[in-house]
Amino acid sequence: MKASLEPASVTGKLVLTGRLVFGTPLIIGSGEQDDDVDLVVLRDESGQPFIPATSFAGALRHFFFRTVDVTGADNEKFSYFWGAQPGGSKDEIYQSALMVSDLHPIGQVSVAIRDGVKIDLSTHTAAEGAKFDYEVVEPTSAFALRAEITLREAYDTGDLFKMIAAFLIESLAQGKIALGAMTTKGFGRCRLDDYALYHYDFRLKEAVIDWLGGTNKEAYRMSELPEHDRLVKKKDRDFVLQADFSLRSSLIVRSYSVRPSQADAIHLSSAGKPILPGSSLKGALRSRAETIVNTLGGQGKEKLRPLFGWVSEDKASQEACKSRVIVEETPVQNAVWAKQQRIKVDRFTGGTIRNALFDSEPLWTPEPGLEQVRVKVTVRDCAPWEAGLMLLLLKDLWTSDLPIGGEKSIGRGTLMGRQAEIIYGSEKYILTQEPTGTLQIHGDQARLEQLVSQFVQEISGREHTEDGGSL
């Protein structure tokens with residue numbers, strides 16, 4: 001630590017305890033594979049999955065610097081909290097005041113295997129040799145959290161550290177921070193539950209003794225979280241879409257069973273409940289987005305790389321760009337599994353092919369008009385033309401023009417829009433599909449049209465005047 005930060009005596013500790021409960025699957029990969037899967041989750045010595053402290057602390061730090069403006073007077077003090085090496089000088093190193101323990105599961109957790117496949121966007125079929133599978137920790141899993149924040153005399157930032165702690169606790173409790181891999185596809189969504197923040201003032205001898213012995217904790221528990229208004233938040237330019245749909249007929253995102261009594265392919269479930277995975281929805285949105293851009297004369301694949309993400313196929317180059325489009329994984333409500341048998345037909349004779357009987361078990365809607373699928377899409381740092389593209393994608397989903405999942409050629413996977421909420425910065429819009437077939441738009445409809453026009457102009461270089469791209 002720098003000489004200018006002396007005296008470095010510890011004046012107190014902030015201790016956070018709680019549990020993280022996951023609402024979507026979690027992937028903390030070990031970097032290894034076995035005979036069954038390509039990606040194995042990280043496990044402790046007892047064979048239970050756990051979240052390493054490095055992953056958790058890294059996610060907190062990334063979220064903080066993405067959300068909070070750190071250019072003000074407290075800039076250097078933020079370095080005291082998170083740790084830094086300003087200017088790259090080895091003589092000026094700040095050790096992080098935040099210490100996090102590894103997060104181990106509370107009780108037993110379930111691990112499942114998910115299938116994945118790369119889709120060739122030119123043929124809309126599975127790419128050759130691009131199937132993979134991976135382990136995930138199933139939803140409803142809970143992990144114990146313990147973190148400490150060290151307060152030092154030299155920092156003189158006790159109140160600031162308390163505000164940072166309160167901001168992070170509130171963000172975790174509201175589910176704003178995701179952990180692990182594939183977070184842009186809805187994985188790793190968690191909430192902090194049953195939490196408590198304790199303040200041990202080391203100017204009091206008994207506080208030091210109680211902290212060391214872990215006794216009399218409730219005497220140091222803070223009754224409420226400190227205000228964090230002093231932290232200046234960055235201006236929000238995110239585009240957030242939340243829409244409710246009903247199934248037109250059926251939906252299947254294939255999961256293959258090894259049990260002879262089950263269908264050859266059944267709709268994917270998680271923790272026993274049917275879901276619409278973010279990976280399937282995001283793949284469909286990306287494919288349609290490229291089609292729209294190409295139709296307007298643009299280069300969809302290259303144009304959309306900064307939006308949907310990109311990884312170079314040349315492993316030596318290591319070029320990559322993380323997606324700014326985040327698609328949530330959501331449960332499918334008010335639907336039932338029902339088995340359907342199918343046969344393969346010889347196109348020459350018109351008869352069935354021998355030994356080509358198979359069955360699938362998609363989700364079906366028991367009655368029309370039910371709200372069954374909720375789609376939530378967030379685009380970070382969204383430009384106006386990108387918001388216009390999202391509106392066109394919503395239109396295609398809303399009007400059953402963009403199917404999701406498998407067996408699209410026989411009519412599966414089409415949705416019908418019921419209601420949607422769109423938030424873009426400070427603007428808010430509500431879309432409602434009336435029983436009469438009329439679409440009601442609450443908000444500045446001209447602004448929505450303007451966003452679509454900006455997209456068309458961005459891609460084709462001309463003003464948008466035709467009706468085809470409007471809502």
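This passage walks through the overall build of the protein, one of its helices and a patch on its surface. The model is predicted, and residues are counted from 1 along the chain.

Taken as a whole, the protein holds nine helices together with 24 strands. It has 471 residues, and 45% of them count as buried. Contacts between residues at least 6 apart in sequence often span long stretches of chain: 69% of them join residues at least 24 apart. On the outside, carbon and sulfur atoms account for 48% of an accessible surface of about 24400 Å².

Helix α5 is a helpful place to look in more detail. Its 18 residues run from 278 to 295. From the first C-alpha to the last, α5 reaches 26 Å, close to the 26 Å expected at 1.5 Å a residue. The buried residues of α5 include the nonpolar L281, L285, I292 and V293. Charged residues are also found among the buried ones, namely K282, R288 and E290, and G278, A284, S287 and A289 complete the list. Just after the helix, G297 takes a positive phi of about 90°.

Attention can now turn to the surface, where I343, V345 and L357 form a nonpolar patch. Together, these three residues offer about 280 Å² of accessible area. Within this group, V345 lies in strand β18, which covers residues 340-345. V345 is partly exposed, with a relative accessible area of 43%; because this value is over the 30% that patch membership requires, V345 can be counted in the patch.

Notes:
Predicted model: local features only at pLDDT ≥ 70, side-chain atom pairs only at ≥ 80, totals over all residues. Heavy atoms only, no water. Helix = DSSP H or I, 4+ residues; strand = E, 2+ residues; numbered from the N terminus. Buried < 20%, exposed > 50% of the residue type's maximum accessible area, 1.4 Å probe, protein only. Contact = heavy atoms within 4.5 Å. Areas by Shrake-Rupley, 256 points an atom, 1.4 Å probe, with all protein chains shown as cover. Patch = residues over 30% accessible without salt bridge, like charges linked within 9 Å, V, L, I, M, F, W, Y side chains within 5 Å. Salt bridge = Lys/Arg side-chain N within 4 Å of Asp/Glu carboxyl O. Expected span 1.5 Å × (residues − 1).
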